[in-house]
Amino acid sequence: MEIPMGTQGCFSKSLLLSASILVLRMLQGSQAALHIQKIPEQPQKNQDLLLSVQGVPDTFQDFNWYLGEEMYGGTRLFTYIPGIQRPQRDGSAMGQRDIVGFPNGSMLLRRAQPTDSGTYQVAVTINSEWTMKAKTEVQVAEKNKELPSTYLPTNAGILAATIIGSLAAGALLISCIAYLLVTRNWKGQSHRYRVPRRPSPVSSHCLLKPRGFFHKSHHPAHTQSHQILELLG
């Protein structure tokens with residue numbers, strides 16, 4: 001039984017379409033498997049940045065790194081071809097950057113600058129019909145301004161001097177208060193136990209006279225009774 005020519009044409013087209021869809025899905029899966037990890041995630045000025053590529057097959061022809069939204073000669077940083085004496089070949093976008101490529105597809109950007117910020121893309125060529133791609137955004141931040149070397153010690157010295165001065169002033173104030181309290185207490189005790197002055201001779205003589213002496217001189221009735229007794233006797 002012979003298959004009509006029209007039927008063979010339709011079958012070939014269907015087979016070709018299915019194969020194309022399968023290859024496209026394989027490519028999409030390959031692209032999804034390729035991933036770039038930034039180390040560190042938020043680089044600062046003058047800090048080394050490693051763009052580690054994960055998911056690269058064991059064998060590949062070469063890989064290219066680009067800086068920009070589009071991938072062409074003007075944005076190519078370098079090409080890396082493993083197995084040759086000088087595997088890295090710098091591109092036109094390299095400029096003054098210090099970049100080192102590694103056989104696993106990763107790259108190291110030394111002393112990153114804010115001008116190095118942008119979109120980094122890598123294209124790993126597996127064969128003439130299969131290229132894996134991945135990209136990531138890099139933002140290099142300005143590094144915090146370093147304080148002068150004498151700034152911290154000076155502040156530490158001022159702080160120490162302030163603390164010591166405060167402690168010394170507090171100790172002096174406490175000493176003055178204690179001195180005043182002790183002096184006042186000593187003066188009060190001296191006044192309380194002061195020796196009494198000796199009485200005058202006149203006062204002592206008056207204190208030693210008999211009690212009746214004063215009655216004779218001051219009471220006329222006693223004087224009159226004494227005279228009557230003398231007349232009777």
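Which residues of β6 are on its covered face, and which on its uncovered one? Ile99 and Gly101 make up the covered face, while Asp98 and Val100 sit on the uncovered one. That fits a general habit: in a regular strand the side chains alternate between the two faces of the sheet. Keep in mind that this is a predicted model. Here's a tour of two open sheets, a cluster of rings and a few backbone oddities.

**The five-strand sheet**

- One open sheet has 5 strands, in the order β5-β4-β3-β8-β9, and its pairing is antiparallel.
- Its edges are β5 (88-90) and β9 (130-138); each has a single partner strand, so one side of each goes without a neighbour in the sheet.
- Going from one strand to the next, the twist averages 15°.
- Within this sheet, β3 (residues 62-67) and β8 (residues 118-127) run antiparallel and are joined by 6 bridges.
- If you want a spot to look at, find Trp65, which stands opposite Val122 in β8.
- As background, strands of a sheet pair through backbone hydrogen bonds, either parallel or antiparallel.

**Thr125 and its contacts**

- Thr125 is found in strand β8.
- With a relative accessible area of 15%, Thr125 is buried, because the cut-off for that label is under 20%.
- Leaving aside residues up to four places away in sequence, Thr125 touches Phe60, Gln61, Asp62, Trp130 and Thr131.
- Among those contacts, Asp62 falls in β3 (residues 62-67), and Trp130 and Thr131 fall in β9 (130-138).

**The four-strand sheet**

- The other open sheet has 4 strands in the order β1-β2-β7-β6, again with antiparallel pairing.
- Here the edge strands are β1 (35-39) and β6 (98-101), and each pairs on one side only.
- The twist from one strand to the next averages 15° in this sheet.
- β1 and β2 (residues 49-54) run antiparallel, with 5 bridges joining them.
- One of the matched positions is Gln37, whose bridge partner in β2 is Ser52.
- At the other edge, β6 pairs with β7 (residues 107-110) in the antiparallel sense, over 4 bridges.
- Gly101 of β6, which belongs to the covered face, has Met107 in β7 as its bridge partner.
- β6 and β7 form a hairpin with 5 residues between them, and Gly105 in the turn has a positive phi of about 95°.

**Aromatic rings**

- How many aromatic pairs does the structure hold? There are 3.
- A pair of aromatic rings is described by the distance of the centres and the angle of the planes.
- Phe63 and Phe78 have ring centres 6.2 Å apart and planes at 80°, so they count as edge-to-face.
- Since Phe63 is in β3 and Phe78 is in β4 (residues 76-80), this pair ties together parts that are 15 residues apart in sequence.
- Both rings belong to buried residues: Phe63 has a relative accessible area of 0%, and Phe78 is at 0% too.
- Phe63 also pairs with Tyr80, this time stacked, at 5.0 Å centre to centre and 15° between the planes.
- That second pair links distant parts of the chain, with Phe63 in β3 and Tyr80 in β4, 17 residues apart.
- Tyr80 is buried as well, at a relative accessible area of 8%.
- Put together, ring pairs link Phe60, Phe63, Phe78 and Tyr80 into a cluster.
- Phe60 also turns up among the residues that Thr125 touches.

**Backbone oddities in the loops**

- Most residues other than glycine have a negative phi, and most peptide bonds are trans.
- The peptide bond from Ile39 to Pro40 is cis, with omega near 0°.
- Pro40 is in the loop between β1 and β2.
- That loop also holds Asn46, which isn't a glycine but has a positive phi, near 65°.
- Asn46 is partly exposed, at 35% relative accessibility.
- Arg111 is another non-glycine residue with a positive phi, near 50°.
- You'll find Arg111 in the loop between β7 and β8.
- Is Arg111 buried or exposed? Arg111 counts as exposed, because its relative accessibility is 52% and the cut-off is over 50%.

Definitions and conventions
Residues are numbered from 1 along each chain as its sequence is written. This is a predicted model: local features need pLDDT of at least 70, side-chain atom pairs count only at pLDDT 80 or more; totals for chains, interfaces and linings use all residues. Side-chain values use heavy atoms; hydrogens and water are left out. Two strands pair if DSSP finds at least two bridges between them. Helices (H or I, at least four residues) and strands (E, at least two) are DSSP runs, numbered from the N terminus. Axes are lines fitted to C-alpha atoms, for helices over the stretch in contact, and angles run from 0 to 180 degrees between N-to-C directions. Rings of Phe, Tyr and Trp (its six-membered ring) pair if their centres lie within 6.5 Å; planes under 30 degrees apart count as stacked, over 60 as edge-to-face and the rest as tilted. Buried means under 20% relative accessible area, exposed over 50%, partly exposed in between (1.4 Å probe, protein chains only). Contact means heavy atoms within 4.5 Å.
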